[in-house]
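Subject: Structure handover

Hello,

Here is the structure I promised to pass on. Please open it alongside this message.

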Amino acid sequence: MRKRFCGFVYSSADAEDSPKSSYAGQFESVLNLKGSDQILSALETVAKSVLSVNVNTYSEKMNLGRSVINMSMIVQRQISPVFSGVLFTKNPVNGFDEIIIEATEGFSDKILQG
């Protein structure tokens, strides 16, 4: 019996990691997708997240103006994680060159929601 595809869609924007900014966590990710209709809807959600209030606020805070952000999306098979997290090579709060790891049990949505 073939297992049903379970996937997720996340952003891969050109502005996410640059010397001037890190939009980490600003764009939408959509988990637990089953079927092409959910995937297509998630692609639209992630693409539209470029126009969100969070992205606009971050751009203003970082004095980036209204530059064009080129958005790509990735569709990937999803597994059930024991742990998940984010690794920063630069402290996102103070900008110091230090490694910061934020992790949690299960899915990373707890971290991504702040």
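Below is what I found, from the whole chain down to single residues.

Overall picture

First, a caution: this is a predicted model. The protein has 114 residues, of which 26% count as buried. Its secondary structure comes to 3 helices and 5 strands. In sequence order, the pattern reads β-β-α-α-β-β-β-α. Along the principal axes, the C-alpha atoms fill a box of roughly 50 × 30 × 20 Å.

Contacts, surface and charge

Take the contacts between residues at least 6 apart in sequence. Of these, 57% join residues at least 24 apart. The exposed area is about 8400 Å². Carbon and sulfur atoms supply 53% of that area. On charge, the protein carries 11 positive and 12 negative ones. The mean positions of the two sets lie 8 Å apart.

The sheet

How are the strands of the open sheet ordered? The order is 2-1-3, with 3 strands and antiparallel pairing. Strand 2 (30–33) and strand 3 (71–77) stand at the edges. Each has a single partner strand, so one side of each is left without a neighbour in the sheet. Neighbouring strands are turned by 25 degrees against each other on average, direction ignored. As background, strands of a sheet pair through backbone hydrogen bonds, either parallel or antiparallel.

Now the two pairings. Strand 1 (residues 7–13) is joined to strand 2 by 2 bridges, and the two run antiparallel. Strand 1 also pairs with strand 3, again in the antiparallel sense, over 7 bridges. V9 shows both pairings. It stands opposite V30 in strand 2 and opposite V75 in strand 3.

Strand 1 and G7

How well is strand 1 covered? It is mostly covered, with 5 of its 7 residues buried. G7 belongs to this strand. Is G7 buried or exposed? Its relative accessible area is 0%. Buried means under 20%, so G7 counts as buried.

The surroundings of G7 are worth a look. Its bridge partner in strand 2 is L33. Neighbours within four places in sequence aside, G7 is in contact with V30, L31, N32 and L33. The list of contacts also includes Q76, R77 and Q78. For a distance check, take G7 and M73. They are 66 residues apart in sequence. Their C-alpha atoms are 13 Å apart in space.

S52 and its loop

Away from the sheet, have a look at S52. Where does S52 lie? S52 is in the loop between helix 1 (36–48) and helix 2 (53–61). Its relative accessibility is 23%. The cut-off for buried is under 20%, and exposed means over 50%. S52 falls in between, so it counts as partly exposed. S52 and N70 are 18 residues apart along the chain. Their C-alpha atoms are separated by 14 Å.

In short

Two points to carry over. Strand 1 pairs with strand 2 and with strand 3. G7 in strand 1 is buried, whereas S52 is partly exposed.

Over to you.

Best wishes

Key. Residues numbered from 1 in each chain as written. Predicted model: local features only at pLDDT ≥ 70, side-chain atom pairs only at ≥ 80, totals over all residues. Heavy atoms only, no water. Helix = DSSP H or I, 4+ residues; strand = E, 2+ residues; numbered from the N terminus. Buried < 20%, exposed > 50% of the residue type's maximum accessible area, 1.4 Å probe, protein only. Contact = heavy atoms within 4.5 Å. Areas by Shrake-Rupley, 256 points an atom, 1.4 Å probe, with all protein chains shown as cover. Lys, Arg positive; Asp, Glu negative; His and termini not counted. Charge placed at Lys NZ, Arg CZ, Asp CG, Glu CD. Pairing = 2+ DSSP bridges. Axes fitted to C-alpha atoms, helices over the stretch in contact; angles between N-to-C directions.
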